[in-house]
Structures are given as structure tokens and as C-alpha cells.
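Work through the exercises below with the model open. Each task is followed by a solution in steps.

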Amino acid sequence: MSSAREYKNYIDGQWVGPDSGKMIERHSPANGKLLALYPDSTAADVERAVGAARRAFDEGPWPRMTAAERSRIMLEIARRIRENAERLAVIEAEEVGKLIGYARSDIQGAANHFEYAAALARDITGSANMMNDKLTAVVVREPVGVVGLITPWNFPLGILCQKLPYALATGNTVVIKPSEFTSGTTFELAAIAEAAGLPKGVINIVSGYGHTAGQALISDMNVDKISFTGSTATGKKIVQASAGNLKRVSLELGGKSPSIVFPDADLDRTVEGVLNAVFFMQGECCVSGSRLLVDAGIHDQLVDALIEKVKKLKIGDPLDPEVEIGPMIHEGHKNKVLEYVATGLSEGAQLAIGGSQATEGALAAGHFVQPTVFTHVNNSMRIAREEIFGPVLSVIPFQSEEEAIRIANDTPYGLAASVWTENIDRAFRVAKAVRAGTVWVNGHLAAYPELPFGGYKQSGLQREMGRAGIESFTEVKTIQIHHL
């Protein structure tokens, strides 16, 4: 693009500069070009945004509209997202470093969430109970109130829309703190929502760093709920900070998802599937299939076929439709991934392919890491236990179904897993035994608005999407009616 995009905070329907007067520069992870300027917001900015959301909830029209009225506005937001889809996709591809094809899919997915939540808005039900001939009890769901949404850098609009439409559908108002690396499409969505007729104060956006803007949001006593997607370490800090007013908390956190391959799996389909599972978004994905658990009897055959595929992956500019691996989000993260590679070697894992920064030609200007595969890995190694969030695969052999399940569950995480087999009985048996919020069979990564998403153990609290997702933004009230 010819010049950098410059954004202001969006508070109470107005575009306003940050209290600090400072801006955050976002440079392309692929080539270093200046892409955008975002406000470096302070606690004062967050306080204003929360105040606007509080007034909009306590006094404004949004919570008092009929479900049908809210639904119509949300459908108009979805329509306008689709209308602006290509522009939004380019912004995400540039800022995140994700492949343009993935970015296009994410934008359509964001619209899908608004359409689905708009339908659910008109079908939020409670119950009526005739306790006896003089007492009727009615159970209703009401909006939580002011909701803080803190979103990550890898799927800026996609993950925001796993939260925002569901919060809006029930009549909540929101303050959004996007990642300081990829705030562009979040600000663009505010303009879209305003044009669609969303009342002022319902959506408020403040960009900035986690230790300033983020901390202010999670600590604010006027925020009734926090929904966060990011690292497990940060999620634990949010739980601690929520104690001030016992905020409701939803957390979608880290993962170390296994792809479990049995000897009866279709080899070609499985190789393609596990390749996509780990190298999708160059591994910067919470459900990345970063552990490959494979039956020892087919280990060598599968690894050999996988390596041949990895050799052909094209690394480069995410706007190039032929590219299959983009850059890491920033230099610090690139260095972290390479440190994990060094750790794997020091622990005794064998590097089968990759393991270095990609610097050929134009790649030298970006933060590219070669797709990397380790063999001779055991599940006690750090590369098998910790979330690397990069294009690094650890291959672990197993001798039996029972051992595969034990290894799969031997992790502090429980976000997702995939099972690769042609035996339907085994598929169900293993899927039920693996402690993860989502288990795919003969596939990986697919997600739909209708299906709840979230993790076991240290992969999070609550669920997003589906009916469970919309209910997480409600409080349950019991009304007892005594009559003569």
C-alpha cells in the first residue's frame, strides 16, 4: 500500500487520539515496511472507554432493543464485512503475515459469526416452572453488562468475532483491546458497525500494550466480564486481576495439540492433514498440531513422506498466492522459535529438516523460519511440552493405542487433538479418551460458528461459539411469582 494507515481510538462513537499522544508503529513482518500507526493508549483512555460502555449499557438503547432489532443490525454488519472483505483481508495478510488465502477465509468466517449470532439473538430462551398452585418461577437470561474483549495478533478479526457478536446478541456493551501488532481490522470493524446503525457506546476500541491498556481493562471495577484469547501465563494473571469485583472470565489459552496416527490411516490423506495441522499459519495457531504421535510400525514411512512434502513448501510474501509459509509475527517471536530449535537439539532430538531462519533473497528483510521437523522426540522434552507457536513439529512414536492416549494426555494443555484412522470404533474410543475440547477425526483445524470451542485443563475456561458461547455472555436470573 502507498502509505501507512493511521487509526484513532473509537470511544462513545467518536474517533479520538490517545491521552499519551503516542502512537505504536506496525511494520510488516515480511519486509519491514511501515504499515500502520495505532494509539498507545493509557489507563485514562481505557477508563473513558469503559465509562462509555457503562453508560450505553445502563442508559442506552442497545440492551433495551428487541432481539429482532439487534439481529437486524448484526446482519447488516455481516453484510458490510463481506462488502469490504478483500480490503480487510489485505490488511490482515500484511499486518499478521498470514497467507492472503487464509486471510480471505478468516474475513468470511467473521461475517458467518455475525450471521449465526444474529439468529441466536432471537432464540435466547429461559424456562417457566409451575412450582405449585400459588408459585410460578421464571428463569431468564440477561446480559452480563460491560464486557472487555482482549484479542490476540494471529486472527485479529476472526477471534474477535468468536466473541463480539455473541456478546452483542444478548445486549451487552463492549470495550475491545486488540493486539498492539495487528489492530487494523478491529478498528475497521468499528467503522463498519457504525455505518450499520450500531448505537454509540456499544462498541469501544482502545489499542495499546498489555501491561498498560490491557491491565487497566482487566482491573476496571466497571467491567463485568473479560473474554481473553492468548497465552496461558497471561490468562492466569487475568484470573488473579478479576478478583477485585469477581468479574466473569472466559479464557481461550494455549495448546500442544497431538495428531495421533494409527497404522490403518490413509497415508496420503494423513500426510497432507498433519502437514497442514502444524504449518498452517506457520504454526502461529493455538490448535496447531505440533505433536505428531505415530504408530512405530509406520513411523519411518510417514516421516519420509512428510519430509518430501516439507521440502517443497514455498516460503515468502504472504500476498503471493503461491506462498505456503509466511513470516513470524515479529523479530522477538522469531528468535524465541529458533531458541526452541536449539533447545530441542540440546535435549537430544534429531533435526530432520529446517531449523534455521530463512534468509534467501527477499526473505532476509523479514522474520521467516524454515518449516522444521524433529524426530527421536520423547514427551518429556521441552519441545514436546511447551507451546512454541511456530513451524516446529515434534514426532513421537508409540507402540499401542493405550500408549498413544497416555502421551496425548500427558500435557498441561487440552485444547485440541486429531485422530487419524479408518477404524470408526477406534476413532470414537480414542476421541473420547483424549482430554481436549475439540477432537477431529481424519482432519484438523475445521471450525464452525455452531460448534462450541474451548479447552480442558490449562487451555482455558468456558466455551466460545455455539449456544454455549452466547450463554457465556449472560447471567441467569430466577424470578419467583407468588399469586393468590
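**Exercise 1. Find what share of the contacts between residues at least 6 apart in sequence joins residues at least 24 apart.**

Step 1. In this predicted model, take the contacts in the protein chain between residues at least 6 apart in sequence; 73% of them join residues at least 24 apart.
Step 2. Turn to the overall dimensions. A compact globule of 484 residues would have a radius of gyration near 23 Å, and the chain's value of 23 Å agrees with that.
Step 3. Add burial: 57% of the 484 residues count as buried.

**Exercise 2. Lay out the open sheet of 7 strands and identify the strands at its edges.**

Step 1. Write down the order, β15-β16-β17-β14-β13-β19-β20, with mixed pairing.
Step 2. Look at the ends. β15 (350–353) and β20 (438–441) each have a single partner strand, so one side of each has no neighbour in the sheet.
Step 3. Note the turn between neighbouring strands, which averages 25° with direction ignored.
Step 4. Check one pair. β16 (residues 372–375) runs parallel to β17 (residues 392–398), with 3 bridges between them. Thr372 has Val392 of β17 as its bridge partner.

**Exercise 3. Decide whether His299 is buried or exposed, and list its contacts.**

Step 1. Place the residue: His299 belongs to helix α11 (residues 299–311).
Step 2. Compare its relative accessible area of 12% with the cut-off for buried, under 20%. His299 is therefore buried.
Step 3. Find the polar contact: the side chains of His299 and Asp300 meet at 2.9 Å.
Step 4. Leave out neighbours within four places in sequence; His299 then contacts Val294, Val395 and Pro397.

Note on methods: Residues numbered from 1 in each chain as written. Predicted model: local features only at pLDDT ≥ 70, side-chain atom pairs only at ≥ 80, totals over all residues. Heavy atoms only, no water. Pairing = 2+ DSSP bridges. Helix = DSSP H or I, 4+ residues; strand = E, 2+ residues; numbered from the N terminus. Axes fitted to C-alpha atoms, helices over the stretch in contact; angles between N-to-C directions. Buried < 20%, exposed > 50% of the residue type's maximum accessible area, 1.4 Å probe, protein only. Polar contact = N/O pair within 3.5 Å; in protein donor to acceptor, adjacent residues only side chain to side chain. Contact = heavy atoms within 4.5 Å. Rg over C-alpha atoms; globule rule 2.2 N^0.38 Å.
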